[in-house]
Structure formats: structure tokens, C-alpha cells
Amino acid sequence: MAAISLEGLFKSYGATPVVRGLSLEVREGELVSLLGPSGCGKTTTLRMLAGLEHPDTGVIRIGGEMVAGPGVRVPPERRGLGMVFQGYAVWPHRSVEENVAYPLTLRHMSKTEVAAKVREALRWVRLEALATRRPHELSGGQLQRVALARALVASPRVLLLDEPLSNLDAALREELRAELAALRARLGTTLVFVTHDQGEALALSDRIAVMNQGVLEQVDAPETLYREPATPFVAGFVGGANVLTGEVREGAFHTARSGTVFQLSADTSAPPGPATLVVRPEDLALGEQGTPLPLSARLFLGHAAEYRFPVDGTLLRVVAPPLEVRPGQTLKVQLRKARLFSVG
Amino acid sequence: MSPLARWLGLFAWLVPLVLFAVGPVVLLLARGAGAPGTLGWDWLVSEAGALGNTLAISGGAAVLALVLGTPLSLLLFRTDLPLRGAFTVLFTLPSAIPAFIWGMGWLSLASPRAGYLNRLLGEGTLDIHGPVGIAFVEGLSGLPLVLLAGAAALRRVDPALEEAARVCGASPARALLTTTVPLVLPSLLSGAVMVFLMAASSFGVPYLLGVSASPPTRVLTTRIYELVLLGDEGLGRASALALALLLLTPLSLLATWALGRSGRVRLSTGKGLASRPLSLGRARTGATVGVASTCALLVLLPLAAILLTSLQRSFGARLAWEELTLAHWSGVLLEPRTLRATGLSLLLATGAGALVCGLGLAAALLQRAFRRLGAGVEAVAVWPYAVPGTVLALALLLAFSRDWRFILVDKVAFVLALAHTPWLLLIAYAAKYLALGTRNSAEALAQLDPSLTEAARISGAGPLRAFVDVPLPLLRPALTVAFILAFLSCATEITMSVLLVPAGSEVLGKLLFDLQSYADPAAAAVLACAFVALVVLGQAVLALVARRAAEAR
């Protein structure tokens with residue numbers, strides 16, 4: 001267990017900047033997710049933390065000890081970490097127990113001690129029965145657990161997880177997600193988790209760090225992040241919100257390109273001027289009042305339906321009770337709750 | 001790898017390569033380019049015949065391989081021909097066994113008077129001597145190159161293309177001829193270009209079937225050999241001819257590259273498109289008989305002829321049971337000269353195999369570490385493979401005909417005295433077959449996920465320990481294959497062995513060459529049988545390694 005501190009990290013590959021001025025503190029025993037679309041720099045950040053990449057500038061501390069910084073470059077094997085790779089990286093030429101035992105044999109432990117620890121780690125991930133199997137005989141979910149046991153067996157100060165669930169099918173993902181949460185509750189290790197799946201991040205994390213184009217957009221607890229997104233990007237990525245640009249004038253929002261007008265409810269505080277409107281699909285209503293818009297598609301979701309209206313070259317999504325309507329019909333769309341971000 | 005370690009590694013790798021392969025060949029080329037200036041142009045005109053013969057014979061060999069290889073590859077890799085697996089194995093033998101041995105086989109079959117075929121058909125019906133015979137043997141021994149190119153291309157042709165032609169109303173045969181054949185033709189042609197190159201660099205066959213014929217047929221490689229035997233006065237001319245021969249390589253590789261490129265554009269990039277083999281229907285029996293008899297005539301018959309020659313009391317004697325004897329076998333195999341040659345050959349082949357694996361693996365790792373510069377590393381490693389054995393041997397002979405003294409910081413000096421030592425052979429073998437190690441390692445390395453090594457680092461292993469624990473064991477099958485291939489190639493190598501063996505020593509390739517050329521065909525046949533046995537054994541081990549690797553995956 002150890003706290004982590006990243007200070008002003010920059011990293012580029014050739015002329016392409018990947019991480020731009022990232023600072024983040026992770027407390028001891030905390031689980032922080034790095035969330036963002038692919039190419040946002042989250043995996044690079046994790047790899048710098050692991051020592052597999054070296055930041056161009058910036059300082060990384062693990063448990064107070066500087067592991068990367070000016071003139072300091074502690075190699076990965078001396079950082080005391082555990083890591084689960086995206087493709088698991090389970091060694092095909094070693095059996096399950098040989099895979100898990102490897103970090104211990106490097107620490108010069110006695111054979112009986114190694115065997116006991118391997119058995120314990122395999123019990124954590126419920127693989128005791130498969131200890132002597134070879135990796136090619138295992139399923140994806142089982143391989144993932146081998147990787148997890150191997151990462152945990154030497155009691156690392158920090159556990160790093162690089163999209164550990166993304167290669168699995170939906171049902172297995174649910175199961176492993178629950179298992180990961182249980183394991184974490186038991187072990188209390190500091191955890192950094194990279195994912196592009198907002199559901200995964202919301203369900204597992206103490207705090208989420210949302211990244212976009214190499215920059216940290218917001219770091220907060222899942223609920224805060226969902227309720228009070230600090231930027232339009234966070235609102236769009238985490239809540240699946242509609243994002244429109246335009247201008248606030250006389251208590252209404254005018255979109256930039258088509259000039260479509262949405263009345264703002266009385267409790268929405270908005271100074272006049274250029275702004276970005278962020279509204280979740282479920283915070284829009286269809287009814288007697290509102291802006292008339294042509295319906296382009298209706299997707300039945302079961303408990304509700306999603307309605308799509310073309311506005312300003314994108315599709316405005318509305319989630320509302322199922323109605324008997326057809327594409328082409330004009331419906332009235334009303335804002336119930338929206339957030340406005342002033343531009344500039 | 002840290003930048004400093006990378007550059008140190010590159011330097012350590014380049015020193016032996018530049019010193020023992022690149023440097024000598026460049027020196028030879030410089031000498032060859034200067035030769036017309038000192039010797040005049042007149043003699044060059046007199047050598048034009050050798051150049052013409054080389055071009056004509058190699059062209060003929062390429063055409064033969066293409067004409068035979070095209071229908072064969074379609075039958076073997078596209079249809080439901082029975083026993084196609086076994087046929088494929090038999091048809092790859094011609095490249096695995098040295099061309100010189102096929103030349104011996106055809107000499108036994110079709111030498112004008114004593115050849116077995118001529119005894120059946122009437123004396124003098126067939127004559128394997130001369131340009132046509134050389135081209136025939138070279139074409140056959142290059143056939144697998146065309147077949148393998150065809151197999152690789154056929155695997156990449158989207159079967160939907162042929163099915164589309166069927167839906168449009170074409171018969172199966174017509175669909176094959178109008179869609180698949182034009183698509184794989186560029187690959188087959190590039191295989192044929194490789195046959196051309198191989199035939200142009202070949203020394204053993206033109207020597208066996210050309211030099212001793214009347215009138216003699218001379219090609220570039222055999223001329224170089226004759227000039228080297230003349231001693232110092234011939235070396236200048238030999239260098240100039242080597243330059244001419246070497247120029248064929250980039251030209252041919254350029255042609256292959258161009259053909260490969262035009263072929264690749266139209267082939268699907270997806271891997272492993274499983275297609276249903278085309279049903280031969282009523283033609284099945286006819287096709288089977290055709291392929292089987294081709295195989296028997298071109299592959300099995302020459303080998304049988306060598307075996308028969310080895311058992312006959314004397315070549316040309318009456319064919320009868322009581323004329324057969326094992327005397328040659330016991331004589332040749334137990335002779336001290338053979339044993340000495342075997343010992344040295346196996347030692348050199350083992351050493352060269354180890355060097356090929358070590359330097360090849362290093363090349364593959366450097367290639368990966370340097371990314372863009374990696375192409376240059378690969379070029380340096382693979383290029384000696386394309387240099388004809390005669391040229392490489394001549395280059396080493398010239399470069400190390402004198403001792404090199406290196407003086408480091410005043411006092412520390414060492415002398416590189418390699419002339420007339422077996423070390424020169426070891427260098428030649430390792431340089432020539434380094435490509436096997438590089439290619440095999442690079443392909444295996446490309447399939448390794450870098451995160452496997454990273455996982456070992458995170459687990460607490462330092463860079464060296466992580467390399468030994470993870471990539472190395474995973475690369476072992478590929479390195480084993482490279483070692484066996486290099487070992488077999490070196491143990492049965494003839495061209496360079498003939499030129500580089502120091503007086504008083506003996507290696508198998510030189511022994512076979514000498515026995516066949518000067519002494520006694522029956523004894524040579526015994527040795528040839530041993531070569532074939534060694535190659536077949538090696539191929540069996542390779543198949544076993546491949547199967548084990550496939551099972552472990």
C-alpha cells in the first residue's frame with residue numbers, strides 16, 4: 001500500500017504529445033480510474049507509473065519515494081508494483097502456478113513459502129483447481145484471473161490494471177467486476193485502473209480521473225462527476241449528455257448554426273452570451289410545449305424509448321416513455337434540466 | 001533498452017559483419033571494378049561467352065521451373081488431389097538436397113554412354129552434358145521455390161473471387177484459369193526469378209555437367225573457379241567476373257520486388273482464408289497418375305540412380321544382381337579421409353549454426369530496438385545470402401590472403417592470420433546462412449507480445465533476467481529450426497568448401513566434389529547417399545519441431 005503522486009507529467013512520441021501536464025494524487029488504499037476515449041493518454045500515464053515509459057518532464061512518487069524525475073529513473077522491477085495487462089500477458093510456456101510463482105522466485109523465497117503464497121493467490125481468484133494447467137487450455141476469463149493472481153501474489157504496493165475487462169464478453173465482465181470489487185475490499189491495495197468504459201469506472205472507483213487529449217479534465221468521486229461535470233467533455237463522456245454550442249439570450253438558448261431556440265427553465269442560471277448547453281437525454285421531455293423538431297428515428301428500449309432529432313448537424317437524443325410516433329412527425333421538445341457552460 | 005546499450009549492441013554486432021562479410025566483398029568489388037583499367041578490355045570480350053551462358057542457362061532454368069511449377073502448385077495446393085501432403089514433401093526435396101547431387105543423379109541416368117536411361121533407350125539418345133542439361137538440373141532443383149511461392153499466394157487469394165466467377169456462369173476450370181491463375185502469377189514469377197538467381201550463382205552443377213564436356217560449357221562461376229586456380233595472375237580477372245555476377249543479384253531482387261508489389265495489390269491481406277479444395281472430379285485419376293509419375297521421374301529416379309551407382313562394382317558395368325556390391329560403402333565410409341572430413345564438417349556446421357542463431361537473434365533484436373534503422377540491420381544480415389558462394393569465397397580468400405595486424409594503443413596488437421585455416425570456412429558458412437537465423441528470429445519475435453516481457457519486468461526481473469526467462473524460451477523453436485537449417489546447409493555445402501578448404505584438411509562437400517570430379521563416381525555416390533540421408537533426417541527433425549511447436553500453442 002502506498003500513495004501515488006504524479007506532478008506535471010509530459011510525454012510525447014516524436015512530435016505527437018500524448019500526455020500534457022498531468023498532475024494527480026492517489027491516496028493510500030484508494031481506487032482511482034483513468035477514464036477517457038482511446039488515444040487520450042491514459043494507458044501512457046499508467047505505463048509511466050509502471051516504469052515502462054519515462055516521462056519527458058514531471059515527477060512520479062510512489063509511497064513518497066521519487067521513481068521518475070530529473071535524473072531519476074527507477075526501472076519497473078524495482079518499483080514494487082503489480083500489473084494486469086490488457087492482453088493479460090500470461091506466459092504461454094509456464095503453467096498457471098509457474099506464472100503466479102514467478103514474482104516470488106525473483107524475491108528469493110523458500111519453496112514452501114512460495115507454494116503457500118501461490119495457493120493463497122489462486123484461492124483469491126478461485127483457480128486452485130487449474131494450478132497445473134497450461135495457458136492455452138484456459139478461457140479468456142481464466143487467463144485474466146491468472147494475470148490478476150500473478151499481479152497480487154507478491155503483495156505489491158500498488159496494483160495497476162490496464163483495461164483488464166475489455167477483452168471479455170458482457171456476462172463474464174459483470175462477474176469479474178464483482179470479483180474485483182470483493183478482492184479489493186479484502187486486500188485494500190492502492191489501485192489504478194485504466195478503462196474507456198464509463199459504467200466500469202462508475203461502479204468500481206473511489207474517484208475517477210477523466211482524461212481527454214492528454215489533459216486531465218476532472219478528478220472526482222463517481223457521483224459528483226455524474227451530477228456536476230466540470231466540463232462539457234466530462235458531461236458528454238460520463239453521462240452520455242447532449243452537447244450543443246450557441247448563445248444565451250433573453251432566457252433562451254439559441255444554437256449556433258441553425259438558430260434553434262430552447263426555452264430555459266426558470267431555475268437555470270445563465271448569464272447572457274456564448275455558451276455550451278449540456279443536457280442528458282432523460283432531462284428532456286416530449287409534450288405540448290417546447291421547441292418543435294422533426295423526429296428522425298425512434299429506438300425502443302423497453303422501459304422507454306430514445307428519440308432522435310437532427311439539430312445543428314448532430315442528433316439530439318431524448319429518452320422518454322414510449323409513444324406511438326413515426327419518423328418524420330414533428331414533436332415538441334422541452335428542457336427540464338440543463339447545465340450551461342459559458343464559453344471564453 | 002537504454003539508448004547507450006542499443007548503440008553499443010549495434011556496434012558489437014556490426015564489427016564482425018563488416019570485418020568478415022561486408023568488407024571483403026567491397027574490397028573484391030573495388031578490385032573487380034579496377035580490373036579493366038589494368039588488364040584492358042580485350043580479355044573481357046573473351047569472357048562474354050561465360051556471361052551469355054550464365055544468362056541463357058539461368059533463364060532456361062527459371063522458365064522450366066515456372067512451366068512445371070504453375071500446374072503443380074495449383075494441383076497440390078488448390079485441388080482435392082489424393083496424397084497431396086506426401087507429394088508436397090517429395091517435391092520440396094530438390095531444394096533441400098544440394099543441386100550437385102541432382103547433377104550426379106542425372107549424370108548416372110543420362111550420361112551418353114553409361115547412363116542407365118541411355119542403356120534402355122539406346123546409347124547416345126540423351127546427353128545431360130552441356131547448357132540444356134545444366135538448365136534442366138538447375139530448373140528442377142529450383143522447382144520448390146516456385147511451388148512455395150505459389151502455395152503462399154494461393155493461401156491469400158480470396159475464394160470468394162473464384163466463387164463469384166462460378167456464379168457468373170464459369171465452369172470450375174474456367175473460373176480457376178480466369179481468376180485465381182492471373183492473381184497468383186506474379187508470385188509464381190517472382191519464384192522463377194529466385195530460380196534464375198540460384199542458377200546463376202550455382203557452381204557445382206555447371207562444373208559437373210559443363211566443364212568436363214566436349215566442347216566445354218563455361219559459366220561465370222566455373223570461370224571464376226578456373227581463374228582462381230591459376231593463382232595471382234587470375235585473381236584480377238576473377239574479381240571482375242565476380243562483379244558481373246554480383247550485379248545480377250540486385251537486378252533480380254528488384255524484379256522480384258516489383259513483381260511482388262504488383263501481386264500484393266490484388267491479393268487479399270486477410271490471413272488463412274480457408275477455401276474448399278477444388279474437386280477434380282473425373283480428372284482425379286489422370287491427375288494423380290500424372291503427378292505421381294512426374295514425382296517418380298524427377299525426384300525419385302535420380303536418387304535411385306545414385307543408389308544404384310553406389311552399389312555397382314564399377315559405373316558402366318553390366319547391370320546384373322551379381323555385379324552389385326557393398327564394397328564401395330564400407331570402403332568410403334570407413335576410410336580415414338572420410339572420417340576426418342566428417343569430423344571437421346560437423347564441427348564447422350555446429351559452430352556456424354551457433355553463430356547463425358546468436359548473430360541472427362541479435363540482428364532481430366536490434367531490428368526491433370531501432371525501428372527505422374532496423375531495415376538497414378536486416379539488409380546487412382540478409383544480404384550475404386544473396387551473394388553467390390563463389391563470390392563470397394573469393395572475397396574472403398583475397399581479403400585474408402595476407403595477415404592483418406591491428407594495433408590498439410601502441411602496445412596491444414593482434415594479428416588476424418586466417419589464410420589456409422578452417423576459420424575462413426567457418427566465417428563463410430556463418431555469413432552465408434546468417435539470413436536463416438535473422439529471418440526465423442525476426443518472424444518469431446514479431447509474434448511475441450511485448451507485454452509478456454514487460455510483465456516479467458513488473459514482476460521484479462531485471463532486463464537480462466526478463467529476457468532469459470520470457471522471450472528466449474518462447475523463441476527456442478524458431479532458433480532450433482534456424483540451427484537445423486543452417487547446420488544442414490553447412491554440412492552439405494560444396495561451392496565455398498571447394499574454394500576455401502585449406503590444403504591438408506578435408507570437409508564433406510569438398511570430398512564429394514573431388515571424388516566425383518577426379519576419382520570415382522561409385523565412391524562419390526556412396527557419399528551422396530549419406531548426404532541425402534542426413535538431409536532427410538534433418539527434415540524429419542524439422543517436421544517434429546514444427547509439430548511440437550504447433551501443439552504447445
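Two salt bridges link chain B and chain A in this predicted model. In one of them, the side chain of B:Arg457 meets that of A:Glu77, with 2.8 Å from N to O. On top of that, there are seven residue pairs in polar contact between chain B and chain A, counting pairs with both residues at pLDDT 80 or more.

Which elements of chain B give two or more residues to the side that touches chain A? They are α19 (450-458), α20 (463-469), α21 (471-491) and α24 (521-552). Of these, α19(B) brings the largest share, with seven residues. Sorted by class, this side of chain B has 11 nonpolar, four polar and six charged residues.

Now for the extent of this contact. Chain B puts in 21 residues and chain A puts in 22 residues. Together the two chains bury about 1,800 Å², and carbon and sulfur atoms give 61% of that area. Within chain B, the residues that lose the most area to chain A are B:Glu454, B:Ile458 and B:Ser459, which together make up 35% of what that side buries.

There's a second meeting place to look at, and this one sits inside chain B. The chain is divided into domain 1, made of 1-46 + 326-553, and domain 2, which runs over 51-266. The C-alpha centres of these two domains of chain B are 24 Å apart. How many residues of each domain are in contact with the other? Domain 1 of chain B has 35, and domain 2 of chain B has 28.

The area buried between the two domains of chain B is about 2,800 Å², with 83% coming from carbon and sulfur atoms. The count of salt bridges between these domains is zero. Polar contacts between them also come to zero residue pairs, again with both residues at pLDDT 80 or more. On the domain 1 side, the elements that give two or more residues are α1 (3-39), α17 (389-399), α22 (495-500), α23 (508-519) and α24 of chain B. By class, the residues of that side split into 27 nonpolar, seven polar and one charged.

Here are the buried areas for the two contacts:

| Contact | Buried area | Given by carbon and sulfur atoms |
|---|---|---|
| Chain B and chain A | about 1,800 Å² | 61% |
| Domain 1 of chain B and domain 2 of chain B | about 2,800 Å² | 83% |

One helix turns up in both stories: α24 of chain B gives two or more residues to the side that touches chain A, and α24 of chain B also gives two or more to the domain 1 side that touches domain 2.

Key
Residues are numbered from 1 along each chain as its sequence is written. Chains are lettered from A and ligands numbered from 1 in the order in which they are written. This is a predicted model: local features need pLDDT of at least 70, side-chain atom pairs count only at pLDDT 80 or more; totals for chains, interfaces and linings use all residues. Side-chain values use heavy atoms; hydrogens and water are left out. Contact means heavy atoms within 4.5 Å. Buried area is the accessible area (1.4 Å probe) that two parts lose on being put together, summed over both. A salt bridge is a side-chain nitrogen of Lys or Arg within 4 Å of a carboxyl oxygen of Asp or Glu. A polar contact is a pair of N or O atoms within 3.5 Å; within protein, one must be able to donate a hydrogen and the other to accept it, and residues adjacent in sequence count only if both atoms are side-chain atoms. Helices (H or I, at least four residues) and strands (E, at least two) are DSSP runs, numbered from the N terminus. Ala, Val, Leu, Ile, Met, Phe, Trp, Tyr, Cys and Pro count as nonpolar, Asp, Glu, Lys and Arg as charged, and the others, Gly among them, as polar. Domain bounds come from an automatic or database domain assignment.
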